[in-house]
Amino acid sequence: MVKVIVPASSANLGTGFDTLGLAWQLYCKVTAVVEDVNNTDNRTPPGDDLLTRAIGLVFDQAGIEMPAMKLEINSEIPMGKGLGSSAAVIIAGLYLANHLLKYRFTDSQLLDWALSLEGHADNIAAAAAGGLTTAMVVDQQVYYQQVAVRDNLQSVIVVPDFTLPTREARAVLPRQVGWEDCVHHTQQACFVLQSLANGDYRHLQLAMDDTIVQRARQQLIPGLSQVLDSAVQNGALGACLSGAGPSVLALAQSNLAAIGQAMQDAFAARGIKSQCLYTAIDQYGVRIEEYDV
Ligand code: HSE
């Protein structure tokens with residue numbers, strides 16, 4: 001039996017759109033029992049779901065038929081909430097298949113295939129590597145750097161009770177952005193990255209305050225600006241949409257319960273129920289364990 005464990009992640013971190021990702025100690029666990037790698041007679045039907053597509057893609061690349069296997073997913077990551085649930089499943093499938101193929105492919109190949117399934121590199125880099133990652137895509141190839149973060153940073157993630165498909169959250173984005181806004185955004189995104197690396201959070205909120213993407217998405221998430229304000233007023237070091245939303249992330253070192261409560265209250269004031277997750281940074285990314293059954 002092979003078990004693959006992949007963390008949830010928050011993409012963007014405000015101004016690092018499609019670039020920054022931070023992995024959380026909330027996990028998607030996939031177990032696979034492969035009865036006989038040479039037996040393809042009774043193989044898992046090529047499903048439409050992301051997990052079998054990811055596994056199938058790696059076996060296809062190897063020119064080998066996907067063997068029969070029993071797959072199970074146990075995920076703590078809420079789906080469709082901006083917490084990288086699909087990236088986690090894709091990474092799980094690709095790394096599982098590569099493990100079964102005795103590491104025939106490199107991490108870099110796996111990430112490029114993950115990009116082809118997911119569309120953006122931010123969550124997949126964080127899910128694969130853990131910690132804070134900054135990703136770049138050139139000619140459909142994913143490049144990333146992992147950035148060490150002080151591990152005393154905690155997160156409060158408020159998950160409203162509605163889902164927001166990423167394609168809808170991208171459909172509202174402006175097609176053109178002015179030069180000055182681009183410059184300002186670049187300044188902010190770099191500042192977010194280095195504030196987290198240095199553990200200097202004094203101006204983190206200023207740097208995370210995304211006036212392009214997040215502002216455009218406000219119309220899809222009732223009460224978003226009040227939820228963000230309530231987090232900061234209660235001591236969050238910075239707050240932003242988690243990925244494409246609708247979850248809202250607050251980074252903090254203390255006062256976590258008060259921050260979470262204030263954020264939930266702000267959603268409740270707009271008639272939106274939510275749940276609150278308290279978690280910390282996952283430093284490991286994808287992990288694979290193998291057991292005899
Ligand atoms: N960065 C993406 C977005 C979501 O904000 O649309 C995660 O890949």
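This is a short tour of the ligand site and of two backbone features in a predicted model.

Begin by selecting the ligand, which sits in the largest pocket. Then add the residues that surround the ligand, namely Ala 11, Asn 12, Phe 17, Asp 18, His 120, Asp 122, Asn 123, Thr 166, Arg 170, Arg 217, Gly 243 and Ala 244. If you colour this shell by residue type, you will find three nonpolar, five polar and four charged residues.

Next, show the side chains of Asp 18, Asp 122 and Arg 170. A nitrogen atom of the ligand is 2.6 Å from an N or O atom in the side chain of Asp 18, and a polar side-chain atom of Asp 122 likewise lies 2.6 Å from a nitrogen atom of the ligand. At Arg 170, a polar side-chain atom lies 2.6 Å from an oxygen atom of the ligand. The protein covers 97% of the 260 Å² of accessible area that the ligand has on its own.

Now switch to the cartoon view and pick out strand S1 (2-12), strand S2 (16-34), helix H4 (122-129) and helix H5 (166-171), each of which supplies at least two residues of the shell. Where does the ligand lie with respect to domain 1 (2-148 + 282-290) and domain 2 (154-280)? Both domains give residues to the shell, so the ligand lies between them.

Finally, turn to the backbone. Select Leu 13 in the loop between S1 and S2, where phi is near 50°, a positive value in a residue other than glycine. Then go to Pro 246, in the loop between strand S7 (238-241) and strand S8 (248-252); a cis peptide bond, with omega about 10°, joins Gly 245 to Pro 246. Most residues other than glycine have a negative phi, and most peptide bonds are trans.

Conventions
Residues numbered from 1 in each chain as written. Predicted model: local features only at pLDDT ≥ 70, side-chain atom pairs only at ≥ 80, totals over all residues. Heavy atoms only, no water. Near = heavy atom within 4 Å. Polar contact = N/O pair within 3.5 Å; in protein donor to acceptor, adjacent residues only side chain to side chain. Areas by Shrake-Rupley, 256 points an atom, 1.4 Å probe, with all protein chains shown as cover. 1 Å grid on protein atoms, 1.4 Å probe; cavity = no way out; pocket = protein on both sides within 12 Å on 5 of 7 lines; lining within 4 Å. Sits in = over half its atoms within 2 Å of the grid points. Helix = DSSP H or I, 4+ residues; strand = E, 2+ residues; numbered from the N terminus. Nonpolar A, V, L, I, M, F, W, Y, C, P; charged D, E, K, R; others polar. Domains from an automatic or database assignment.
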